[in-house]
Amino acid sequence: LTRQALPNLPNSSIENTEKGAYAVIDCESPEVILIGTGSEVSLCWDAAKAMSGKKVRVVSMPCWELFRAQPASYKDALLPKGVPKL
């Protein structure tokens, strides 16, 4: 919850939030992954849209602890090794 007026972003759901992290903008073989943990997710969304021509994945990570508890297959698929993360 926030006092800020923030947009409701795609893929936001209780089920995804319970995973600790999920893709708001997804793509195959991303060149870069932008990760936000709160209100800055919408800024990551805007930055990804401004990076036309680049394959950018935006990840919302509301709970690091829940994400760490997910199966390795989920974590590796969402945040693949070798891809820069900001």
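The following exercises, each with a worked solution, concern a predicted model.

**Exercise 1. The sheet**

Determine the strand order of the sheet and state which strands stand at its edges.

*Solution.*
Step 1. The sheet is open, holds three strands with mixed pairing, and has the order E1-E3-E2.
Step 2. E1 and E2 each have a single partner strand and therefore stand at the edges, with one side of each left without a neighbour in the sheet.
Step 3. From one strand to the next, the twist averages 35 degrees.
Step 4. The pairing of E2 with E3 is parallel and runs over five bridges. Isoleucine 35 is found opposite valine 59 of E3.

**Exercise 2. The buried side of helix H2**

Identify the buried residues of H2 and establish how they are arranged around the axis.

*Solution.*
Step 1. H2 spans residues 41–50, and its buried residues are Val41, Ser42, Cys44 and Ala48.
Step 2. These residues cover an arc of only 155 degrees around the axis, so they lie on the same side of H2.
Step 3. A general rule of helix geometry is relevant here: with 3.6 residues a turn, an α-helix points residues three or four places apart the same way.
Step 4. Leu43 and Ala50 are exposed and sit on the face of H2 turned away from the buried side.
Step 5. The packing partners of the buried residues are strand E1 (22–25), strand E2 (32–36) and strand E3 (56–60).

**Exercise 3. The surroundings of arginine 57**

Decide whether arginine 57 is buried or exposed, and find the polar contacts of its side chain.

*Solution.*
Step 1. Arginine 57 belongs to strand E3.
Step 2. Its relative accessibility is 7%; because buried means under 20%, arginine 57 counts as buried.
Step 3. The side chain of arginine 57 makes a polar contact of 2.7 Å with the side chain of aspartate 26.
Step 4. The backbone oxygen of leucine 78 is reached by the arginine 57 side chain at 2.8 Å.
Step 5. Leaving aside residues up to four places away in sequence, arginine 57 touches several others, including Ala23, Ile25, Cys27, Val32, Leu34, Ala77 and Pro80.

**Exercise 4. The cysteines**

Explain why cysteine 27 and cysteine 44 do not form a bond.

*Solution.*
Step 1. A disulfide requires sulfur atoms within 2.5 Å.
Step 2. For cysteine 27, the closest cysteine sulfur is that of cysteine 44, at 14 Å, which is too far for a bond.
Step 3. Conversely, the cysteine sulfur closest to that of cysteine 44 is in cysteine 27.
Step 4. The structure accordingly holds zero disulfides.
Step 5. Cysteine 27 is buried at 19% relative accessibility, and cysteine 44 is buried with a relative accessible area of 12%.

**Exercise 5. Two loop residues**

Locate serine 29 and alanine 69, and describe the backbone of serine 29.

*Solution.*
Step 1. Serine 29 lies in the loop between E1 and E2.
Step 2. Its phi is positive, about 50 degrees, although serine 29 is not a glycine. As a general expectation, most residues other than glycine have a negative phi.
Step 3. Serine 29 has a relative accessible area of 55% and is exposed.
Step 4. Alanine 69 is in the loop between helix H3 (64–68) and helix H4 (72–78), and is exposed with a relative accessible area of 62%.
Step 5. Alanine 69 and lysine 19 are separated by 50 residues in sequence and by 8.2 Å in space, C-alpha to C-alpha.

Terms used: Residues numbered from 1 in each chain as written. Predicted model: local features only at pLDDT ≥ 70, side-chain atom pairs only at ≥ 80, totals over all residues. Heavy atoms only, no water. Helix = DSSP H or I, 4+ residues; strand = E, 2+ residues; numbered from the N terminus. Buried < 20%, exposed > 50% of the residue type's maximum accessible area, 1.4 Å probe, protein only. Arc of directions from axis to C-beta. Contact = heavy atoms within 4.5 Å. Polar contact = N/O pair within 3.5 Å; in protein donor to acceptor, adjacent residues only side chain to side chain. Pairing = 2+ DSSP bridges. Axes fitted to C-alpha atoms, helices over the stretch in contact; angles between N-to-C directions.
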